[in-house]
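The exercises below concern the fold of one chain and the packing of a pair of its helices. Please work through each task with the structure in view before reading the solution.

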Amino acid sequence: MGLARIGRAAYYSAKGLRAAFAGEEAFRQELLIVAVLTPAGLWLGRTAVERALLVGSLLLLLIVELLNSAIEAAIDRIGPERHELSGRAKDMASAAVFVALVLALSVWVLIAGARWLS
């Protein structure tokens with residue numbers, strides 16, 4: 001049962017990634033950023049911790065974008081009418097993406113700045 005569950009989980013995860021790639025422009029843009037910056041982060045980081053922070057902050061951005069997209073899809077599934085709570089949920093999810101982006105940018109500026117200034 002354990003391997004079958006893992007297989008189903010992997011299938012549904014791949015399905016979700018395909019759906020995000022096909023239907024979410026922001027996810028595609030962020031994925032491009034991750035694809036370009038990951039090799040740079042592996043080169044730029046001097047230690048394993050720095051590399052993990054540089055790459056991890058980018059992956060966190062993708063994770064939060066996936067959650068944002070899932071929240072938006074669930075809210076849109078409920079119905080097209082506007083509701084204060086639906087708007088609040090979407091705004092909070094968008095804010096989470098913004099905070100993840102600020103975190104990634106901060107990590108990159110701090111580590112790259114230390115690298116280039118020394």
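A crossing is left-handed if the near helix is turned anticlockwise from the far one by less than a right angle, and right-handed if clockwise. The model examined here is a predicted one.

**Exercise 1.** Determine which elements make up the chain, and how spread out the chain is.

Solution. Begin with the inventory: the chain holds four helices and zero strands, so that, read from the N terminus, its elements follow the order α-α-α-α. Next, consider the radius of gyration, which is 17 Å and lies well over the 13 Å that the globule rule gives for 118 residues, so the chain is more spread out than a compact globule. Then take the extents of the C-alpha trace, which along the principal axes are about 55 × 40 × 25 Å. Finally, turn to burial, where 24% of the 118 residues count as buried.

**Exercise 2.** Describe how helix α2 packs with helix α4, and state which residues meet.

Solution. First, take the geometry: α2 (residues 25–44) and α4 (residues 84–117) pack at an angle of about 30°, and their axes are 12 Å apart. Because angles under 35 degrees count as roughly parallel, α2 and α4 are roughly parallel to each other. Secondly, apply the handedness rule, by which α2 passes α4 in a left-handed crossing. Thirdly, list the contacts: from α2 come Glu30, Leu37, Ala40, Gly41, Trp43 and Leu44, and these meet Val97, Trp108, Ala112, Arg115 and Trp116 of α4. Sorted by class, this contact comprises eight nonpolar, one polar and two charged residues.

Notes: Residues numbered from 1 in each chain as written. Predicted model: local features only at pLDDT ≥ 70, side-chain atom pairs only at ≥ 80, totals over all residues. Heavy atoms only, no water. Axes fitted to C-alpha atoms, helices over the stretch in contact; angles between N-to-C directions. Helix = DSSP H or I, 4+ residues; strand = E, 2+ residues; numbered from the N terminus. Parallel < 35°, antiparallel > 145°, perpendicular 65-115°, else oblique. Contact = heavy atoms within 4.5 Å. Nonpolar A, V, L, I, M, F, W, Y, C, P; charged D, E, K, R; others polar. Rg over C-alpha atoms; globule rule 2.2 N^0.38 Å. Buried < 20%, exposed > 50% of the residue type's maximum accessible area, 1.4 Å probe, protein only.
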